[in-house]
There are 2 protein chains.
Amino acid sequence: MRAFATHPAARGLTDDAAVLEIGTETLVLTQDSMVEGIHYLAGQDMADVAWKLAATNLSDLAAKGAKPSGVLYTHMLGADDDRFIDGLAEVLAEYDVPLLGGDTVAANGPRCFSLTAIGRATFTPVPSRSGSCPGEAVYLTGPVGAAMMGFEALQGGTDHDTTAYRRPRPLLAQGRALAPLVSAMMDVSDGVLLDARRLAEASGVTISIDSASVPIAAPEARRADALRWGDDYQLLFTGAEDTAWPVPVYKIGMVEARARHVLLVDGMPPDPDDALGYHHAR
Amino acid sequence: MRAFATHPAARGLTDDAAVLEIGTETLVLTQDSMVEGIHYLAGQDMADVAWKLAATNLSDLAAKGAKPSGVLYTHMLGADDDRFIDGLAEVLAEYDVPLLGGDTVAANGPRCFSLTAIGRATFTPVPSRSGSCPGEAVYLTGPVGAAMMGFEALQGGTDHDTTAYRRPRPLLAQGRALAPLVSAMMDVSDGVLLDARRLAEASGVTISIDSASVPIAAPEARRADALRWGDDYQLLFTGAEDTAWPVPVYKIGMVEARARHVLLVDGMPPDPDDALGYHHAR
């Protein structure tokens, strides 16, 4: 994969949303996909799959403080197409986002759905991942772990409510409220620790997380797992500690000058074998 | 498929590009996909697949007179990823279009690539498919059939040049030049006759095509096939006959008041069993 990942044309393929200036407007664009057997399992309610596909893209806009203008998506026809469309209609109605267009394809084999969301920046400069400065605090908008608990219930292990896993909620209002005040922001899609490391890498700083201060929606015994599970789509951001935050926030750590380790958890570098969260194909 | 196709949320999934007004800007967005085994064959040069994926989307922008601002795409990892990226880099460089971002996914089974192109309208109102009026002429920007000849050569039947099929050229400059002057415009992706019928349907008119006047890049004996083959991406449009067209155009028919038949070819309705061109899944 090295040849691919280092190709100049592939460098644009980060999981971060794109910012595009057109005339006097600043747009935010993001494209995410869900593949059967990878991002969802055959047999899952396709309405939930559609919801999640749209919600994860809208969450990328939330992290940029953008207001969604619409989505386009590619629908690979197959079983339960009407359920998929039901779920898509529900999530788009919930967040008042128009379906602008897209493509329908017929194919055999595992299905793949791609969705592009476009939004209008409500504040410029648009929050990036690279603005964290030493001395700032690290915050989270809410607890993590609810999606993990929901996933495990779906797998049949518990009777925990599964909504958080099936129907994540993009924090669009919170993102817009925070955008003018943060130094850097991203959504937590792959785990608090992994995404905190990405923020630290992008900003050229060290981030030190106090694991006990991370709010979790899971039993205390599962704290370590909750910090490594994605799919909760809370917003992770940094800013001055004396900021009057307009929405509830939880301080979970500090930004420090870049030291030997990019990420510290309770003052220690994580074990090199600790994946910290969910890693994508690249 | 009826339940799916008639669902309110599915109505946005036309193959036409979307027009989005954001602030003072008018944007054009399109998303098309290519699936292995459906839109391309395993074993094809992945650089050609990437070129075509981008070119077909850019062609949708061309038909709207839009200047491309960038693309996002989803790359399903597999064989020859570096060739794919080579081809994508080539087509984006050729048309000076930035890669804004996208997603990389790993999966088994047939691969699927989705690409979204976004452009800025250079003329408003943006040309639609619904503006054709009786008395206007029907035009094409150039010959059709070259992609068919290239496809057949690729299949091993001939030694004809295959470039037209492998690397179609979106007519971006022509689309921008024509946009202020046309009453309706679309790109020919599925065959001149089929797309002419779509234009007539969208405009509520009858279109009468003089088949002998359609320029073809194929032997005369293949004229009927050339009129039913897609992939050439010429622009099909209507307008007043006394227009001083800024680019070479070929008159291929007339717009008439809606009569019993939506499409006439040489004065006759096509045989109901004549598919007229390539039909998508819906």
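Okay, quick one from me: which strand of chain A is the place of Thr206(A)? That would be β8, residues 205–209. Keep in mind throughout that this is a predicted model.

Let me stay with that threonine for a moment. Buried or exposed, what does Thr206(A) count as? Its relative accessibility comes out at 1%, and the cut-off for buried is under 20%, so Thr206(A) counts as buried. Its side chain has a polar partner too: it reaches the backbone oxygen of His261(A) at 2.7 Å. Leaving out residues up to four places away in sequence, Thr206(A) also touches a run from Met254(A) through Val255(A), Glu256(A), Ala257(A) and Arg258(A) to Ala259(A). His261(A), Val262(A) and Leu264(A) are on that contact list as well, and so is Ala200(A).

Right, over to the interface between the two chains. On chain A, 54 residues are in contact with 54 residues of chain B. People often quote interface size as the accessible area lost when the parts come together. Here, the area buried between chain A and chain B is about 4700 Å², and carbon and sulfur atoms give 70% of that.

Who supplies the chain A side? The elements giving two or more residues are the strands β1 (18–22), β2 (25–35), β3 (66–77), β4 (99–106) and β5 (112–121), plus the helix α3 (81–94). By type, the chain A residues touching chain B split into 28 nonpolar, 19 polar and seven charged.

And how many salt bridges between chain A and chain B? Zero. Polar contacts do turn up, though: 15 residue pairs across the interface, with both residues at pLDDT 80 or more.

Notes. Residues numbered from 1 in each chain as written. Chains lettered and ligands numbered in written order. Heavy atoms only, no water. Contact = heavy atoms within 4.5 Å. Buried area = accessible area lost by both parts, 1.4 Å probe. Salt bridge = Lys/Arg side-chain N within 4 Å of Asp/Glu carboxyl O. Polar contact = N/O pair within 3.5 Å; in protein donor to acceptor, adjacent residues only side chain to side chain. Helix = DSSP H or I, 4+ residues; strand = E, 2+ residues; numbered from the N terminus. Nonpolar A, V, L, I, M, F, W, Y, C, P; charged D, E, K, R; others polar. Buried < 20%, exposed > 50% of the residue type's maximum accessible area, 1.4 Å probe, protein only.
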